[in-house]
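Work through the exercises below with the sequence and the coordinates side by side, and try each task before reading its solution.

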Amino acid sequence: MEKIIEVKDLELSFHTFAGEVKAIRGVNFEVFKGETLAIVGESGSGKSVTTKAIMRLLPESSTEFKNGQILFDGKDLLKTSDKDMQKVRGKEISMIFQDPMTSLNPTMPIGKQIMEPLLKHQKLSKEEARRKSIELLSLVGMPQPEQRMKQYPHQFSGGQRQRIVIAVALACNPKLLIADEPTTALDVTIQAQILELMKDLQKKIETSIIFITHDLGVVANVADRVAVMYGGQIVEFGTVDEIFYNPQHPYTWGLLSSMPSLDTTEEKLYAIPGSPPDLLDPPKGDAFALRSEYAMKIDMEEKPPLFKVSDTHYAATWLLHPDAPKVDPPAAIVERMKKFPGSRYYEGSAGGGR
């Protein structure tokens with residue numbers, strides 16, 4: 001498979017008045033052509049910082065890249081000049097942000113905003129750019145696209161604005177689309193429509209997607225592979241079925257247990273105790289140890305490596321060490337694992353998968 005982007009050993013810090021915040025601490029992943037990689041985790045885990053690093057949208061005055069590479073089309077984006085990055089943004093890599101109202105210029109008709117990247121990057125004539133913009137609005141499901149080209153952002157609903165933002169992002173057929181919690185500001189009905197739209201568009205234009213979210217329910221519907229982030233690190237990585245039906249890291253267990261489902265019989269949803277680590281002074285062992293009921297002495301002293309579960313599945317937990325005691329995950333997680341053929345709890349039911 002063709003590799004679109006590869007992040008290798010990425011480490012970056014922010015210099016603040018309080019001190020050095022070690023925001024990203026050795027992150028590795030790659031995205032292949034036509035696939036969707038979801039990066040999930042609580043707020044502050046490093047999801048958005050990682051993708052803004054790819055786009056080089058972090059403040060230069062306070063950001064220090066301490067190590068690593070971001071390889072795209074054979075070049076390291078961390079060593080690319082600002083002028084060359086302007087040619088990459090919007091044309092090769094596009095981004096959809098969380099709030100569409102802040103992504104659109106309130107003083108410009110939406111038609112002009114969609115035409116802008118076409119005029120700048122693809123050097124189309126105004127008439128060609130206008131025609132392509134109408135096609136894009138139609139592609140993202142906007143009714144009466146020709147008339148709506150003249151309207152301003154405030155004349156659209158939240159879901160329609162997000163469709164416009166997607167049209168802008170797709171204008172130049174980017175190789176990589178980064179979606180940073182694109183449905184969080186929308187109600188669940190519109191959220192489902194936007195997710196369905198993104199799946200359909202991906203098939204049509206064969207772009208690769210990095211999907212950032214804290215909502216694992218969203219991940220199940222859109223992702224091919226999942227990276228679980230915690231404390232500025234990736235703690236588990238696998239296909240969407242491996243993460244949902246054979247999770248190995250206690251943090252992933254916690255995230256999945258806190259998801260509501262139609263089968264939930266408890267009066268209260270599970271909540272992971274405690275708070276994320278202070279990255280001004282990161283723990284030297286497993287960053288999740290202080291919040292985990294499964295933590296061992298070694299978790300406080302030594303950072304776990306990524307243990308191989310399968311050719312596509314890795315998890316950074318000492319529970320996977322051959323000498324570690326065998327522990328049972330929470331009951332809700334065991335129920336999930338019973339459906340996965342590769343799990344030790346597999347009961348030979350209809351198999352994993354969503």
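**Exercise 1.** Which helices and strands cover the buried residues of H7? Keep in mind throughout that the model is a predicted one.

*Solution.* Begin with the helix itself: H7 runs over residues 158-170, and its 13 residues reach 19 Å from the first C-alpha to the last, close to the 18 Å expected at 1.5 Å a residue. Next, apply the cut-off for burial, which is under 20% relative accessible area; the residues of H7 that are buried include Gly-159, Arg-161, Ile-164, Val-165, Ile-166 and Leu-170. Because 10 of the 13 residues are buried, H7 is largely enclosed by the rest of the structure. Finally, look for what lies against these residues: the cover includes strands S6 (93-96) and S7 (176-180), together with helices H3 (100-103), H4 (110-121), H5 (126-139) and H8 (188-205).

**Exercise 2.** Describe how H4 and H5 pack against each other, starting from their axes.

*Solution.* The axes of the two helices come within 9 Å and cross at roughly 115°, and the crossing in which H4 passes H5 is right-handed. On the side of H4, the contact is made by Ile-110, Gly-111, Ile-114, Met-115, Leu-118 and Leu-119, which meet Lys-126, Ala-129, Arg-130, Lys-132, Ser-133, Leu-136 and Leu-137 of H5. Sorted by type, the residues of this contact comprise eight nonpolar, two polar and three charged.

**Exercise 3.** Which residues have the most contacts inside the largest nonpolar core?

*Solution.* This core has 34 residues, and those with the most contacts inside it are Phe-29, Ile-54, Ile-70, Ile-93 and Ile-210. Its largest share, six residues, is contributed by strand S1 (residues 3-16). To see one of the well-connected residues in place, set aside the neighbours within four places in sequence; Ile-210 is then in contact with residues including Phe-29, Val-31, Ile-54, Leu-176 and Ile-178. Apart from this core lies another, of 33 residues, among them Leu-104, Ile-134, Phe-156 and Ile-209.

**Exercise 4.** Where does Glu-206 lie, and what is the sign of its phi? Carry out the corresponding analysis for Asp-73.

*Solution.* Most residues other than glycine have a negative phi. Glu-206, in the loop between H8 and strand S8 (208-213), has instead a positive phi near 55°. With a relative accessible area of 52%, Glu-206 is exposed. Asp-73 likewise has a positive phi, of about 55°, although it is not a glycine, and it lies in the loop between strand S4 (63-72) and strand S5 (75-76). The relative accessible area of Asp-73 is 46%, and this residue is therefore classed as partly exposed.

Conventions
Residues numbered from 1 in each chain as written. Predicted model: local features only at pLDDT ≥ 70, side-chain atom pairs only at ≥ 80, totals over all residues. Heavy atoms only, no water. Helix = DSSP H or I, 4+ residues; strand = E, 2+ residues; numbered from the N terminus. Expected span 1.5 Å × (residues − 1). Buried < 20%, exposed > 50% of the residue type's maximum accessible area, 1.4 Å probe, protein only. Contact = heavy atoms within 4.5 Å. Axes fitted to C-alpha atoms, helices over the stretch in contact; angles between N-to-C directions. Left-handed = near helix turned anticlockwise from the far one by under 90°. Nonpolar A, V, L, I, M, F, W, Y, C, P; charged D, E, K, R; others polar. Core = buried A, V, L, I, M, F, W, Y, C linked by side-chain atoms within 4.5 Å.
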